[in-house]
Structure formats: C-alpha cells, structure tokens
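Thanks for coming. I will take the confidence first, then one helix, then the charged side chains.

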Amino acid sequence: MGDYTLFCYGTLMAPQMLHRVIHGTTTPQPWQKDLIRFQPARLYGYRRHRVQGAEYPGIFAESSPSETAVLGVLVSGLTEGDMYRLDRYEGSEYVKESVKVRTLHSKAHGKVTSEDELFKELNAAESGAAREGDEVLATTYVWVAGKECLEEAEWDFERFKRDRLAWWVGAHESEW
C-alpha cells in the first residue's frame, strides 16, 4: 500500500477514472483495487468552478474560508508512481498543495467498499445527511491558470457522471 493521500474534487472522484489514469484501465486487477481506499470528504476554504470550455473543474482558496467548502473524495494508498501519473494528468494548470480535509460518512462504520456505495455516500454528503469525521492531511491539485478561465457556476459531478464520464474513461489520453 502506498503512503500518499489525495483529495479529488473533479473527474477523479469517479474511481473508474482514477484507475484509468493510474493503472491505464478502468478495471484494474483486484490486488490493484485493494490497495486504494475511497472516502467522501470536504475541503473547507476553497471554491470549485468549471473550467471554461472544458468538462473539468478547478479550485482556488477563498478569501472568506469559513463560508466555502468543496465536496470531494479522499483517496488513500497511492504510490509515488501513482502520484507521478496524476501529476502528468493534471498538467501545468494545477499545482499540488497540502490541505486538511474532513472525512464524511453516513453509515456507522464509515468505510466505502464499492463505487456505488461511494456515490451513495457522496449523495448523502451533498444532501447534508453525512457526519463529519476525522481531519486528514492530503494533497490536492489547485488551479493556477487564472480565475478568469473559470466559469462562475460550480462544476457539477452528477452532470459529469451522467453526461461525460463514459466518454472520459473511453477516450485516449491525448484527448483529455
């Protein structure tokens, strides 16, 4: 198991997309899947917006940090190689930052064991039905290509899953 923990707030919130980036397939070997853990989480003090003309978001630190938060997924168990591939995927529009996030869970045990369960937990968190858990130190990718490149409205994960995820997981890397 790897030592890296990542807070994802965009396309990589979908496990099949994350696996596509780090393993090269949406259906990795069972041992590869077993190394990685997913947990809904919230990052306070940031705001998420869709990048203009793109299907993915960017986040930036807000001047009034107590009033904003970004719902996302905490991914633990990543290796140095995984992080290298994620760095290449994110490109120069983002920079890695260390952040503190709060885990979220609506179930008693707080563990997510499938993609469907993760999506249910994210929906519960979105509706306010999830409880906050531990504060965890993680890495995230923060947008640095300029706020003028971001749309005013927040990026919508449900819309991405419904309308674009299938294309993203099937697209060649050069099309991202």
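Helices and strands here are DSSP runs, H or I over at least four residues for a helix and E over at least two for a strand, numbered from the N terminus. This is a predicted model, so local features need a pLDDT of at least 70 and side-chain atom pairs count only at 80 or more, while totals for chains, interfaces and linings use all residues. Residues are numbered from 1 along each chain as its sequence is written, and side-chain values use heavy atoms, with hydrogens and water left out.

pLDDT is the predictor's confidence in each residue, from 0 to 100. The chain averages 89, and 93% of the residues score at least 70. Confidence is highest in strand β1, residues 4-8, at 98, and lowest in helix α4, residues 115-126, at a mean of 82.

Stay with α4. Its 12 residues reach 16 Å from first C-alpha to last, close to the 16 Å expected at 1.5 Å a residue; the expected span is 1.5 Å times one less than the number of residues. Just after α4, glycine 128 takes a positive phi of about 90°. Buried means under 20% relative accessible area, exposed over 50%, and partly exposed in between, with a 1.4 Å probe and protein chains only. The buried residues of α4 include Glu117, Leu118, Phe119 and Glu121. Among the elements covering the buried residues of α4 are α1 (15-23), β2 (37-44) and β5, where contact means heavy atoms within 4.5 Å.

Now the charges. A salt bridge is a side-chain nitrogen of Lys or Arg within 4 Å of a carboxyl oxygen of Asp or Glu. By that rule the count comes to 10. One of them joins arginine 85 to aspartate 82, at 3.2 Å from N to O. The two are 3 residues apart in helix α3, so about one helical turn separates them. Aspartate 82 is buried, at 5% relative accessibility, whereas arginine 85 is partly exposed, at 34%.

Lysine 96 pairs with aspartate 87, with the closest N and O atoms 3.2 Å apart. Which side chain of opposite charge is nearest to glutamate 90? That is also lysine 96, but 11 Å away, and glutamate 90 is buried with no salt bridge. For this, Lys and Arg count as positive and Asp and Glu as negative; His and the chain ends are not counted. Glutamate 90 sits in helix α3, residues 80-90, and touches Leu12 and Tyr141, leaving aside residues up to four places away in sequence.
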